[in-house]
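Here's a quick walk through one model, starting with a sheet and ending in a core. Have the structure open as you read.

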Amino acid sequence: MRSYSAQMAFQHGFAIQGVDGITLDRVAVYDVYGDAVYVGAEGAAQNWSRDVKVTNSVFNGSGRQGFAVVAGKRIIFDRNRLENAGQSLIDLEANTPEGGAVDVRITRNATGAARHF
């Protein structure tokens with residue numbers, strides 16, 4: 001398990017930024033300093049990620065969030081194992097006025113503990 005480190009907080013397992021359509025299926029992330037899966041925007045235009053599916057995967061030991069959606073639309077987290085997050089297991093928040101989380105579905109996941117929240 002990684003502890004939160006401000007200097008390394010953005011070393012994510014997967015950083016999905018400004019992506020239009022992606023599926024992560026049967027992947028594994030262990031012991032990262034950032035989020036296990038980060039879904040956000042790309043560039044100055046703040047192009048949101050859309051149509052993201054994360055399924056049948058294992059995420060254990062993130063220094064920050066397990067799943068974070070800060071600028072995403074039509075996001076699905078289904079049938080995953082998520083545990084040992086340094087802060088929140090699941091974080092849906094707009095980091096900027098242009099950000100947000102729209103139509104996020106979190107279904108049939110197994111979760112363990114988060115260390116701080």
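The notes below cover the sheet, its central pairings and the core.

## Ground rules

This is a predicted model, where local features need pLDDT of at least 70, side-chain atom pairs count only at pLDDT 80 or more, and totals for chains, interfaces and linings use all residues. Residues are numbered from 1 along each chain as its sequence is written, and side-chain values use heavy atoms, leaving out hydrogens and water.

## The parallel sheet

Four strands (DSSP E runs of at least two residues, numbered from the N terminus) form an open sheet with parallel pairing, in the order S1-S4-S7-S10. Pairing here takes at least two DSSP bridges between two strands. S1 (14-17) and S10 (90-92) sit at the edges with a single partner strand each, so one side of each has no neighbour in the sheet.

## Around S4

S4 (residues 37-40) runs parallel to S7 (residues 67-69), joined by three bridges, while S1 and S4 share four bridges, also parallel. Tyr-38 is the bridge partner of Ala-15 and stands opposite Ala-68 in S7. Val-39, for its part, is bridged to Val-69 in S7.

Is S4 buried or exposed on its two faces? Both are covered: Val-37 and Val-39 on one side, Tyr-38 and Gly-40 on the other, are all buried (under 20% relative accessible area, 1.4 Å probe, protein chains only).

## Into the core

The largest nonpolar core (buried Ala, Val, Leu, Ile, Met, Phe, Trp, Tyr and Cys joined through side-chain atoms within 4.5 Å) has 17 residues, and Val-37, Val-39, Val-54, Phe-59 and Phe-77 touch the most other members. Elements giving it two or more residues include S4, S7 and strand S5 (49-55).

Terms used: Buried < 20%, exposed > 50% of the residue type's maximum accessible area, 1.4 Å probe, protein only.
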